[in-house]
Amino acid sequence: MLKLYDGALEVSDILKEWYEEEGKSNYGAYIPFVGTVRSEDGIDGLSFDIYEPILETWFKAWQEKAKAKGAVIKMAHSRGDVMLHESSYIASVFSPKRRVALEFIDEFVEDFKASAPIWKYDLIDGKRVYALDRSTAIKGSGILGVKK
Amino acid sequence: MIRVEFLGPIQQEALELEINNLQELAPILQKNPDMKEWLENSAVAVNDTLVSSLDVKLNNGDKISLLPPVCGG
């Protein structure tokens, strides 16, 4: 399940909803990762752009990987502005045993950071400043650049 | 006609071009000095599938997207 929301996530509601969805599914482990906006470098918050068609394809591939391990992956992300101490990202894995879920959430979040088509901006004095220095070029980037 | 879209922070209007493959797109975009850095660090998708080389034939109605460096979460 992939859900996108305008603005900050209602973390308690989403975690509760997912818990209730899978509570009777015989999974022994439920491991959520919640990403919250921290106060640093004078920012007022973060803002996000998402390209949904490729995000959905990317997420479907991870759903298949989860299924192959007998697990389920769920993800929620914000579009637009998310202010300090609000949350913009939740990923959760349900699996029969904890080891699969612990390893899977790690791999999933790392690949999410490197591949999911989402762009982050710092909100500073009402301006949106692209966070290039914290961003990662998607694998295979640069093919249209001048050949060196 | 091929549509070229620039995603996220790339501040460029979409283009409509008569090109037959991705090889032909590279020099067109390289002429724009504002695109230089983006071309070095962006990934390319054709019809929402990422591609890893320019050896891609294009058909009328195809959509190309440029995806600059990402940072979700």
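Here is a friendly conversation about a predicted model with chains A and B.

Biologist: Let's begin with helix α1 of chain B. Which of its residues are buried?

Modeller: Helix α1 of chain B covers residues 22–30. A residue counts as buried when its relative accessible area is under 20%. In this helix, the buried ones are B:Leu22, B:Leu25, B:Ala26 and B:Leu29.

Biologist: Where around α1(B) do those buried residues lie?

Modeller: An α-helix has 3.6 residues a turn, so residues three or four places apart point the same way. The buried residues cover an arc of only 110° around the axis, which puts them on the same side of α1(B).

Biologist: And what do the buried residues of α1(B) pack against?

Modeller: Their partners are elements of chain B, and one of them is a helix, α2 (36–41). The others are the strands β1 (2–6), β2 (15–17), β3 (43–46), β4 (49–51) and β5 (63–67).

Biologist: At the start of α1(B), which backbone nitrogen does a side-chain oxygen of B:Asn21 reach?

Modeller: The side-chain oxygen comes to within 3.0 Å of its partner. That partner is the backbone nitrogen of B:Gln23.

Biologist: Now to strand β1 of chain B, where B:Glu5 is found. Is B:Glu5 buried or exposed?

Modeller: The cut-off for buried is under 20% relative accessible area. B:Glu5 has 18% relative accessibility, so B:Glu5 counts as buried.

Biologist: With which side chain does the side chain of B:Glu5 make a polar contact?

Modeller: Leaving out residues up to four places away in sequence, B:Glu5 touches several residues, including A:Tyr51 of chain A and B:Lys63 of chain B. The polar contact has a distance of 2.9 Å, and the partner is the side chain of B:Arg3.

Biologist: Let's look at the pockets. Which element gives the most to the lining of the largest pocket?

Modeller: The largest pocket has a volume of about 280 Å³. Among the 17 residues lining it, A:Thr36, A:Glu40, A:Leu46, A:Lys120 and B:Gly73 are the closest to its centre. In chain A, β2 (29–36), β5 (87–95) and β6 (118–124) each supply at least two lining residues. The one that gives the most, with 3 residues, is β2(A).

Biologist: How many residues does α2(A) give to the lining of the second largest pocket?

Modeller: The second largest pocket holds about 180 Å³ of space. The elements giving two or more residues to its lining are α2 (52–68) and α3 (98–115) of chain A, together with β4 of chain B. By class, this lining has 6 nonpolar, 3 polar and 3 charged residues. The largest share comes from α2(A), with 6 residues.

Conventions. Residues are numbered from 1 along each chain as its sequence is written. Chains are lettered from A and ligands numbered from 1 in the order in which they are written. This is a predicted model: local features need pLDDT of at least 70, side-chain atom pairs count only at pLDDT 80 or more; totals for chains, interfaces and linings use all residues. Side-chain values use heavy atoms; hydrogens and water are left out. Buried means under 20% relative accessible area, exposed over 50%, partly exposed in between (1.4 Å probe, protein chains only). Helices (H or I, at least four residues) and strands (E, at least two) are DSSP runs, numbered from the N terminus. The arc is that of the directions from the helix axis to the C-beta atoms. Contact means heavy atoms within 4.5 Å. A polar contact is a pair of N or O atoms within 3.5 Å; within protein, one must be able to donate a hydrogen and the other to accept it, and residues adjacent in sequence count only if both atoms are side-chain atoms. On a 1 Å grid over the protein atoms alone, a cavity is a set of points where a 1.4 Å probe fits but cannot get out, and a pocket is an open set with protein on both sides within 12 Å along at least five of seven lines; lining residues have an atom within 4 Å of a point. Grid points are joined across faces, edges and corners, and a volume is the space filled by probe spheres set on the points. Ala, Val, Leu, Ile, Met, Phe, Trp, Tyr, Cys and Pro count as nonpolar, Asp, Glu, Lys and Arg as charged, and the others, Gly among them, as polar.
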